[in-house]
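Thank you all for coming. I would like to take a few minutes to walk through a chain together, so please have the sequence and the model in view while I talk.

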Amino acid sequence: MTDRLRGELVACNAPTTVETQHGERRLAELRVRPTDDTPTDGDDAVDVTLWGKWADTAEEAETGMDLLLTDPETSEYQGRTTYSTGGDSYVVLEPDFIVDVTSIRSWVQCPRMYYLNKLSAIPLNYPVIKGTIVHEVFGDLLRGRDLDTAVADRVEEAGLELGVLGRNVAEVEGEVKQNAAAIEGWLQQGTLTEEDNWRSEYTLISPTFGLKGRADALRRGMPVELKTGKNTTREPRFQDKIQAACYALMLEERGIDADTGTLLYTKNTTLERTEESGDLSPAKEFSVGKGLLDFVVRSRNELAAMEARGEVPTGYEADAKCEYCFEQDTCMVVSGRLDQESKAGQIGTAVPEEEQDYFERFYYAIEAERRAVHAEYRKLWEQDAQERADDDRALIDLEPLGREEIDGNRWELRARKPPESVSKLRESDVALASDGDPVSGHAELCRITQLDEEIVVTADEPVELRRLDVYPSELSVDRMLTALHDTVLKGSDDRKDILFSRRDPEFSDGEETFIDNNEGQNQAVNLAVNAKDCALIHGPPGTGKTYTIARLIRALVARGDRVLLTAFTNRAVDNALEALREQGFEDIQRVGTTTGIREDMLDVRLEKSGDPEELAGALHNAPVVAATTASCGSRVMREQEFDVAVVDEASQLTEPDALAALNRAERFVLVGDHEQLPPVVQAAEPGGESGAGEGGVADKPESESPLATSLFERLIEAYPEASVMLTRQYRMCQRIQAFSSAEFYDGALRPATGAVAGQSLADIADTASLPGELRDAVSFIDPGGERVGNTNPTEADRVAEIVESYLVAGVDPEDIGVIAPFRAQVAEISRRVGVTVDTVDRFQGSSKEVIIVSFVATGGLDGPLFEDYRRINVALTRAKKALVLVGDRAALSSEPFYERLLDWADR
């Protein structure tokens, strides 16, 4: 007998009522095509009957959806096995759609609230910040910390946010202590003993139920949730019970019978009985029975099915009373502005139809990205440890080196990795640290602070660090949705007139000499300074766009503008800051983490912890604030206002990612090159990897994701007169730049000086000692290897020989770089050489005197380097004096573009 059945719905009948020996019962009959090893008796599908309230799930289901039935009962009918729900069964729709526990809570309150929360994000307000502090103090108390010390430390850590809100430290500490007293008192009542086995901030992921979340705490395996509000009734609020029950359900999957949940209402102890009546005890326990767990799963199914159908909830799906909802006004405004059906009704005038279409098109594209993120979650359990490692998604077989408590409330975990291990993980990433099993074992979210032979991470709780996994995050998806919402519903008409091509950008008259030795750069600064709406600076490789950005920022500040400097990567932000500081400008605040910011820029980093008034003053008074575009969507940055946003790497940003920065400023300058790396889009189509079936997101009319085209590219095509292209490059010799100039820039790119054009290997090496095939500025070498997976060992050997030749000729190791399309080949080459080896993406924005490109492919062209010609443009233009292409001539000759590349290299 199978313990579960999973498959695709091929037929779904509406629920009906039948007479049984136990009386009337509801049922729904389905046909499911198994995708697991469930026997089908020679047919392609099996019959499944859903009894009782599980029949309601059939009302949400559609053909093409994925269904999972646990603990099915079986029976024989006409020689075939049929399946049905039993007393222990659960029915899960679209289990691959991973729903956060807080989303289930919102959905149960009102499906419309779930939708609104997706769009508007959590704002920077005092109740939210205070609630976060109280939660952190709760964890500290569970670890045995002193209450006063914990409160003081946590309030100090929230200094920047509290300062932006204008809050006083003493006032906040007092209020937090009042709330925390509920926790401390409960713990002191004998509740916390050596047998209680507390765990705080426990990360849970459920492959079966399609759920994820972080429980505030577990006590003896039972979920405890902290609520900073009040509740004077004996029973916990229903939506709060649902949240705790979600964790109980996920614990059940791990074999833990969590039959009791506890809600801690911390504000109860701050109430006087003369003011309030009822049950003022903070802790309220409740039983977690099968009926409640069934309701949790059915609610999750409703949410997942709605997302699979690509629908927007109206509010009619629930029994919520709109007149009692604190989101009623917001709901009515959003409904009115987007002309959406809503149980609460509509107020306001709808935005123009083109804006509604824009919102819908990007909304579905962003949701497709969310499903792509969920596909990454699935790989945590669909792939075994070695498959994860081979796919560069995990570092496995780590050797724990110890753990140490730091700052009194976090842990530093250390481990040694096998010497040949590589992955997508990078320092400053948030990852999943585990004892070897990230799904059913002990796992903790962590931040990587060191990643070389030794790995160092910080986490809230200690774990034996034996494995480190890429942890998919929906944060970027959430912030894209918020930026979209803010642009369409809150953006000024002037800004939207530009975005929707209702008028051309306008410019003031006037011209100054900002840069006296480069006409293009000077023209770019003038254009941007005079822009009333926006300006676009097209900066091909090596054209000095970073210097131009720095000079532009100085010019803007000189005229009294407050400037937001932002870019896709931390590296680009810090490079621009370096140029700005080299030009003598120091009045900067850099927003970001210590691990993300370059070490020599940490002295201008805006601290998050400290005196609120001082921190807020530093931020508000800074004429230049620098942050990545991802950080522009943070709570603090969403409260900031700027005169101008200067966005570097704009061509690498999806349009909503760019909008996250643009929404902070009255005017904007986009700097980029749409002939280099495009935006990173995981879902090739709005329907995403799931390929939602009939009626699903995949059936939306757009066939290619609008996220694939950057706002920079769209605007430069719409408003060429609002742009300047920098054409004088300071990096490559004439021979190297020729191909990219002809193929990507219509021959406009040229060396800035004769010295740049004429530079050669002879400037830095003894070229006479080089093999003849390496003496030219551009060379092609076919080593005759074969691709093995994502590696080509023969090619790696040849690359190592080439590197050694340059070293022998006197080239400094720091001046040599190797680019490969796969991390596996990066690792293969790295084992053989002592120079920088990395992928194209990691090399963007940098350069070397000598660049060697390993193509890996043999026979045919397959791999990320070949998916978009712009990627090869990046690879070719990293070199200054010498470029060596290593690959299979026959494979490269199979496409016209690469055939032209070979012709150029052979000259």
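Before I begin, one definition is needed: a residue is called buried when its relative accessible area is under 20%, exposed when that area is over 50%, and partly exposed in between. Please also keep in mind that what we are looking at is a predicted model.

Let me begin with the salt bridges, of which the count comes to 79. One of them pairs the side chains of Lys212 and Asp100, with a nitrogen to oxygen distance of 3.1 Å. This pair links distant parts of the chain, since Lys212 sits in strand S11, residues 211-219, while Asp100 belongs to strand S9, residues 99-100, and the two are 112 residues apart. How buried or exposed is each partner, Lys212 and Asp100? Lys212 has a relative accessibility of 9% and therefore counts as buried, whereas Asp100, at 23%, falls between the two limits and so counts as partly exposed.

A second salt bridge joins Arg416 to Glu399, and here the closest nitrogen and oxygen atoms are 3.1 Å apart. Arg416 is in strand S17, residues 410-416, and Glu399 is in strand S16, residues 399-406, with their positions 17 residues apart in the chain. Both partners are partly exposed, Arg416 with a relative accessible area of 40% and Glu399 with one of 41%.

The third example that I picked out is the salt bridge between Arg667 and Asp561, whose closest nitrogen and oxygen atoms are 2.8 Å apart. Arg667 lies in strand S27, residues 665-672, and Asp561 lies in the loop between helix H16, 545-558, and strand S23, 563-567, so this pair ties together parts that are 106 residues apart in sequence. Arg667 and Asp561 are both buried. Turning from single pairs to a group, salt bridges that share partners join Asp100, Lys118, Lys212, Glu307, Glu367, Arg370, Glu474 and Asp478 into one network, and you will recognise Lys212 and Asp100 from the pair with which I began.

Helix H16 deserves a moment of its own. What span should we expect for the 14 residues of H16, at 1.5 Å a residue? The expected span is 20 Å, and the C-alpha atoms at the two ends of H16 are 20 Å apart, so the expectation and the model agree. A number of residues in H16 are buried, among them Thr548, Arg551, Leu552, Ile553 and Val557. After H16 comes Gly560, which has a positive phi, near 100°.

Positive phi values also turn up in residues other than glycine. Ala121 is one of these, with phi near 60°, and Ala121 is placed in the loop between helix H3, 111-120, and helix H4, 126-142. With a relative accessible area of 32%, Ala121 is partly exposed. Asp392 is likewise not a glycine, yet its phi is positive, at about 65°. Asp392 belongs to the loop between helix H12, 385-390, and strand S15, 394-395, and, having a relative accessible area of 10%, Asp392 is buried.

Next, the surface. Where does negative charge gather there? A patch of negative charge is formed on the surface by Asp3, Asp37, Asp71, Glu73, Asp88, Glu252, Glu253, Asp257 and Asp259. Of these I will place Asp88, which is found in the loop between strand S7, 80-84, and strand S8, 91-93, and which is exposed, with a relative accessible area of 57%.

I will finish with some pairs that are separated in sequence. Leu9, in strand S1, residues 4-12, is buried at 0% relative accessibility, and its C-alpha atom is 9.9 Å from that of Val48, which is 39 residues away in sequence. Asn268, in the loop between strand S13, 260-265, and strand S14, 283-287, is also buried, with a relative accessible area of 1%; Asn268 and Thr232 are 36 residues apart in sequence, and their C-alpha atoms are 7.2 Å apart. Glu519, by contrast, is exposed, with a relative accessible area of 67%, and is found in helix H15, residues 519-530. The C-alpha atoms of Glu519 and Leu726 are separated by 8.9 Å, although their positions lie 207 residues apart along the chain.

Methods
Residues numbered from 1 in each chain as written. Predicted model: local features only at pLDDT ≥ 70, side-chain atom pairs only at ≥ 80, totals over all residues. Heavy atoms only, no water. Patch = residues over 30% accessible without salt bridge, like charges linked within 9 Å, V, L, I, M, F, W, Y side chains within 5 Å. Areas by Shrake-Rupley, 256 points an atom, 1.4 Å probe, with all protein chains shown as cover. Salt bridge = Lys/Arg side-chain N within 4 Å of Asp/Glu carboxyl O. Lys, Arg positive; Asp, Glu negative; His and termini not counted. Charge placed at Lys NZ, Arg CZ, Asp CG, Glu CD. Helix = DSSP H or I, 4+ residues; strand = E, 2+ residues; numbered from the N terminus. Buried < 20%, exposed > 50% of the residue type's maximum accessible area, 1.4 Å probe, protein only. Expected span 1.5 Å × (residues − 1).
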